[in-house]
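Hi everyone, thanks for coming along. I'd like to walk you through one chain today, so please have the sequence and the model open as I talk.

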Amino acid sequence: MHGRAVGGGRRRRGVAAVSGAAPTLGPVTLQVDLAPPAAAAPAPVGAPPEAPAAAGADAVRTDRAPSAPGLSPSRAADFGRCPLLFRYRVVDRRPEPASPAAARGTLVHAVLEHLFELPAAERTLEAAHGLVPGRWEALLADDPRCAELFSSDAERVEWLRSAEGLLGTYFRLEDPTRLEPAERELTVRLDLADGPQLRGIVDRVDVAPNGWVRVVDYKTGRAPSPGFEGQALFQMRFYAYVLWRTRGVLPKLLQLEYLGDGTVVRHEPTEEEMLVLERRVRALWSAVQAAARADRWEHRVSKLCGWCSFQSLCPAFGGTVPPVDPDAVERALGVRPDAAA
Ligand code: SF4
């Protein structure tokens with residue numbers, strides 16, 4: 001297991017576990033600055049929305065429906081990697097085949113979510129393994145394509161064992177008997193005035209007795225090399241920003257737990273970072289809407305093309321891009337292609 005802090009968080013002056021329970025003493029016990037918050041006691045994560053303390057509160061709207069044009073961290077990353085991929089996913093909403101890796105990620109997340117429904121003392125590795133068959137059945141019911149992922153029972157059994165292995169790594173990173181999450185699988189949503197609705201699902205939110213908030217995300221892959229955590233941290237800052245603007249509390253710590261190799265990446269966000277993130281998101285949304293108006297969706301070849309489901313519709317692989325549906329563009333992005341306006 002490795003743990004590392006990323007970015008320029010404040011210097012640490014003490015150590016505490018961000019948990020409603022007794023401090024954990026494992027190798028990845030959360031270390032944070034114990035200085036009291038400078039502002040008034042923050043509201044718990046479960047508190048109703050309130051005006052954010054930071055400047056720019058008028059940039060937030062809360063009156064749009066969940067179906068409003070929106071952006072998640074993953075789709076924002078898609079646009080950065082390849083605008084054509086973004087179009088196929090966000091505008092066309094083309095189905096993609098299930099993959100063993102993605103299904104395993106969904107399964108492990110579901111087990112970890114349900115693990116915390118057990119009484120604290122019962123959250124053992126054996127209990128987590130015991131949840132796997134039921135969560136697998138639930139996954140199959142939710143997405144029957146998963147039944148076709150394996151060519152044999154032996155292959156499926158091996159895959160389930162690999163999911164159990166990831167759960168084993170989780171237990172080396174944290175002791176769930178000593179944690180009492182405030183939220184699991186939390187849907188977050190924020191309307192930016194003149195911008196998209198920011199959306200996402202946060203794996204876990206912990207709140208310390210003093211109100212400090214930790215945002216936790218489980219990754220079932222391996223950690224990126226040091227210096228290449230940018231995308232993962234963008235996602236975490238995105239969540240931190242939405243929580244900050246909707247609840248008025250800047251999370252104290254962002255924590256990525258990579259179950260593929262047992263690495264924990266931690267970052268202490270700052271208000272300055274949040275404002276930079278807002279500017280980045282606005283700039284990215286402007287670029288998205290400009291591409292939509294011009295109906296110009298660049299295909300950008302990278303090593304990620306190897307995992308792309310849309311090679312047959314990509315000029316880089318001899319495919320032809322089909323015409324876009326202007327109504328679908330408007331539904332997804334709030335603007336119409338100029339030629340169809
Ligand atoms: S194959 Fe590559 S370039 Fe083509 S759409 Fe997919 S990610 Fe983009």
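Let's begin at a pair of strands: strand 7 and strand 8 (residues 263-267) run antiparallel and are joined by five bridges. If you want a spot to anchor your eye, find Tyr-258, which stands opposite Thr-263 in strand 8. The two strands form a hairpin with four residues between them, and in that turn Gly-262 has a positive phi of about 75°. Before I go on, please keep in mind that this is a predicted model.

Now stay on strand 7 and ask how many of its residues are buried. Six of the six, over residues 253-258, so strand 7 is largely enclosed by the rest of the structure. In a regular strand, side chains alternate between the two faces of the sheet. Here both faces of strand 7 are covered. On one side you have Leu-253, Gln-255 and Glu-257, on the other Leu-254, Leu-256 and Tyr-258, and all of them are buried.

What about the other neighbour? Strand 6 (residues 213-219) runs parallel to strand 7, with six bridges joining them. One place to see this is Arg-214, whose bridge partner in strand 7 is Leu-253. To get from strand 6 to strand 7 the chain passes through helix 6 (residues 230-247), and this β-α-β crossover is right-handed.

On the way into that helix there is a residue I'd like you to click on. Arg-222 sits in the loop between strand 6 and helix 6. Is Arg-222 buried or exposed? It is exposed, because it has 12 other C-beta atoms within 10 Å, and 12 or fewer is the cut-off for that class. Even so, Arg-222 has partners from further along the chain: leaving aside neighbours within four places in sequence, it is in contact with Tyr-258, Gly-260 and Asp-261. Thr-263, which we met opposite Tyr-258, is 41 residues from Arg-222 in sequence, yet their C-alpha atoms are 7.7 Å apart.

Let's follow the sheet the other way, to strand 5. Nine of the 11 residues in strand 5 (residues 197-207) are buried, so this strand too is largely enclosed by the rest of the structure. Strand 5 pairs with strand 6 in the antiparallel sense over four bridges, and Val-207 stands opposite Val-213 there. These two strands form a hairpin with five residues between them, where Gly-211 in the turn has a positive phi of about 95°.

Strand 5 has further pairings. With strand 4 (residues 183-192) it pairs in the antiparallel sense over eight bridges. That is a hairpin as well, with four residues between the strands and a positive phi of about 60° at Asp-194 in the turn. Then there is strand 3 (residues 70-71), which pairs with strand 5 in the parallel sense over two bridges. Gln-197 is a handy residue to look at here: Asp-191 stands opposite Gln-197, and so does Gly-70.

Now for some helices. Helix 2 (residues 83-91) has seven of its nine residues buried, so it is largely enclosed by the rest of the structure. The buried ones are Leu-84, Leu-85, Phe-86, Arg-87, Tyr-88, Val-90 and Val-91. What covers them includes helix 1 (73-81) and helix 8 (326-333). Just after helix 2, have a look at Arg-93, which takes a positive phi of about 55°.

My last pair is helix 4 (residues 125-142) and helix 5 (residues 153-173). Their axes come within 10 Å and cross at roughly 145°, and the crossing is right-handed. Which residues make the contact? From helix 4 they are Leu-125, Ala-128, His-129, Val-132 and Trp-136, and from helix 5 they are Leu-160, Ala-163, Glu-164, Leu-167, Gly-168 and Phe-171. By class, that gives eight nonpolar, two polar and one charged residues.

To finish, let's zoom out. The chain has eight helices and eight strands, and buried residues make up 35% of its 341 residues. Among contacts between residues at least 6 apart in sequence, 71% join residues at least 24 apart. Thanks for listening, and I'm happy to go back to any part of the model.

Conventions:
Residues numbered from 1 in each chain as written. Predicted model: local features only at pLDDT ≥ 70, side-chain atom pairs only at ≥ 80, totals over all residues. Axes fitted to C-alpha atoms, helices over the stretch in contact; angles between N-to-C directions. Left-handed = near helix turned anticlockwise from the far one by under 90°. Contact = placed C-beta atoms within 7 Å. Nonpolar A, V, L, I, M, F, W, Y, C, P; charged D, E, K, R; others polar. Buried ≥ 20, exposed ≤ 12 C-beta atoms within 10 Å, placed from the backbone. Pairing = 2+ DSSP bridges. Right-handed = clockwise from strand over helix to strand, strands pointing away.
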